[in-house]
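Please read these notes with the structure open beside you. They are short and can be followed point by point.

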Amino acid sequence: EAVSCPSSDAIQTATMSSTDLKVHPVYSCKSFSDMRLCESGTLERLVTIVKGQKKLDGIVFDASVPFEMGQVIHKVLSDTRNYDSLLEESHMVLSPVPKGQNWRAVLVDRFRTELGAFFEPSNFADFRLHKSDTRFDWCLFACGRENFFALLADSLSDIEEKTGFTSSVESVDNGENRFVEGFVAPFEPRDSDYDKSDSSLRWLSQQPVGYQAVIQMELTPRRKQMEKFERILVLTAYDGPWGQTYDPAIVTSIREEGNKLRVKFESESMDDELVERERIRRLHPKDALEPSEFEVGKMVLFETRIDGMMKKAMISSNNGDDTYDLILVDFECDMHFKVPRSELISAEENPEFFEEVPPITQEPLQRAFRKALFETVPGTGADEADLAFRFFPVGEGLVAASAWFHGNAILKWNGRGRIELNLFLDKEDKPSRVKLQDAFMKEIGNLSVVQLDEFPRGHGKIVNFAIDLKEPPHWLGMSTKS
């Protein structure tokens, strides 16, 4: 059995090549003003279809299905209980991809990457049908088909024969390989199994002549001291590289250095804990009011209604009626629709919790640049003759340059709170970079490093630092070790 998702007037008749296949239409909602009502209605329709019958073998999206209906299907099947109860273990999802509607391919591929069928055999295919100036793009997901590639090739051949169109497969992506306990590889690959001619030439051609570091710093305001018995949110779990979960708590004591606080969680199932200040998000009376409107892409905390727990999410749409659509920034990327502003707060703390930091000005910046170099460049000390300096005011900012016998440094300031220091040395010397960085930040104060990039410099397509080139890799067959 299969389910078709047409718009309310898209399909009048259907011609099926197999009399054994039953097609059940699931029409798009007439209105998407209440997404939750649409979701519940769609789920009810799907449950009715499979009730007392076999589960669904596939889903076919009509060309006129709107984006909002795709969101509804995604939301319904994001619940693994719905996915497992509605779809057979072996199933397929098919959709045309009209021009400007690439969201369909993204949605269909979510069946492979997110909605449940992660492991092999699981495949997503992007293919085209074309004849003369006419072209149709399609996407297909198949789960549980061990002979997927043979089936795809046979199906496209049948289509070409019956329609006169020519087909082309643009890409095929597989699911994740399953863990096989006790797996033993049929053979153990050796270095000699691979052609190393190009890589060997590239490795041997590298000639390092210098080291470069780009240090990006920002003016960082200091946080104000917290108060005892203050109600806060504490970061308690990470879900993926960006996903974060916060639980409500109360500060019960503050260490003298102010870096760690003893907190008591409001949930009775959680023990008291000593936490770092970086894990705390303070609450402010203005959180429910500021900002009055969130921009798309803004990170917020979303109330989950589970013991006051809040999760990090990104604003995906402003509905214009004081509600927002959200995407949770975790592994599941779960979507929530029409969430009221009252249930959201900014992921960032209110600016009133930070002390004002004196602005950067040109003269102190020039002095700090000079002093840091005098203290860290070997063999210079306080002898200005060994160092050449030039300063160039640009708009409200500044460019500073210095050169000495074994290197140079360039500083850029944007006139506000961001500074970039570009350092070049004629030999790899990371300790000198650290000393210069620390000395400069000590002079300016309230700076933090937000990005550090280090590069080997030389010729011969160099990509490795000099220290890495001392011992050739094993695959080169030139080890210097006895």
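1. Start with helix 8, residues 430–444. Helix 8 lies across strand 8, strand 21 (407–413), strand 22 and strand 23. Its direction is at about 150 degrees to that of strand 23. Bear in mind throughout that this is a predicted model.

2. Now the sheet itself. Six strands make up an open sheet, in the order 19-20-21-22-8-23. The pairing is antiparallel. At the edges are strand 19 (388–394) and strand 23 (447–459), and each of these pairs on one side only. From one strand to the next, the twist averages 10 degrees. In general, strands of a sheet pair through backbone hydrogen bonds.

3. One pairing deserves a look. Strand 8 covers residues 207–219 and is joined to strand 23 by 12 bridges. The two run antiparallel. To find the register, pick Ile215: the residue opposite, in strand 23, is Leu452.

4. How far can the model be trusted? The chain has a mean pLDDT of 86. Of its residues, 90% reach 70 or more. Among the elements, strand 22 (residues 418–425) has the highest mean pLDDT, at 96. Strand 1 (residues 2–5) has the lowest, at 58. Treat residues 8–19 with care: the pLDDT there is below 50. In the model this stretch has eight contacts beyond near neighbours in sequence.

5. Next, the cysteines. How many disulfides are there? The count comes to one. Cys29 and Cys38 form it, with their sulfur atoms 1.8 Å apart. The link of Cys29 and Cys38 is right-handed, with 85 degrees about the S-S bond. Both Cys29 and Cys38 are buried.

6. Cys143 is in no disulfide. The nearest cysteine sulfur belongs to Cys139 and is 16 Å away. A disulfide needs sulfur atoms within 2.5 Å, so this pair does not qualify. Is Cys143 buried or exposed? Cys143 counts as buried, because its relative accessibility is 10% and the cut-off is under 20%. Cys139 is buried too, with a relative accessible area of 0%.

7. Cys333 sits in a loop, between strand 16 (323–328) and strand 17 (335–340). Why is Cys333 called partly exposed? Its relative accessible area is 27%, and the term covers values between 20% and 50%. Leaving aside neighbours within four places in sequence, Cys333 is in contact with His74, Glu114, Ile327 and Leu328. Compare its place with that of Ser78. The two residues are 255 apart along the chain, yet their C-alpha atoms are separated by 9.3 Å.

8. Two arginines come next. Arg277 is in the loop between strand 12 (273–276) and strand 13 (280–282). Arg277 is buried, because its relative accessible area is 6% and the cut-off is under 20%. Which side chain makes a polar contact with that of Arg277? It is Glu349, at 3.1 Å. Not counting residues up to four places away in sequence, Arg277 touches Arg223, Met226, Asn259, Leu261, Arg282 and Glu349.

9. Arg112 is the other arginine to inspect. Its place is in helix 4, residues 103–113. Arg112 counts as buried, at 15% relative accessibility. Its side chain is joined to that of Asp109 by a polar contact of 2.8 Å. The side chain of Arg112 also reaches the backbone oxygen of Asn174, at 2.8 Å.

10. Finish with Tyr238, in strand 9 (residues 231–239). Is Tyr238 buried or exposed? Tyr238 is exposed, because its relative accessible area is 62% and the cut-off is over 50%. Its contacts, leaving aside neighbours within four places in sequence, are with Gly243 and Gln244. Gly415 gives a sense of scale. Tyr238 and Gly415 are 177 residues apart in sequence, and 36 Å apart in space from C-alpha to C-alpha.

Technical notes: Residues are numbered from 1 along each chain as its sequence is written. This is a predicted model: local features need pLDDT of at least 70, side-chain atom pairs count only at pLDDT 80 or more; totals for chains, interfaces and linings use all residues. Side-chain values use heavy atoms; hydrogens and water are left out. pLDDT is the predictor's confidence in each residue, from 0 to 100. Helices (H or I, at least four residues) and strands (E, at least two) are DSSP runs, numbered from the N terminus. Contact means heavy atoms within 4.5 Å. Buried means under 20% relative accessible area, exposed over 50%, partly exposed in between (1.4 Å probe, protein chains only). A polar contact is a pair of N or O atoms within 3.5 Å; within protein, one must be able to donate a hydrogen and the other to accept it, and residues adjacent in sequence count only if both atoms are side-chain atoms. Two strands pair if DSSP finds at least two bridges between them. Axes are lines fitted to C-alpha atoms, for helices over the stretch in contact, and angles run from 0 to 180 degrees between N-to-C directions.
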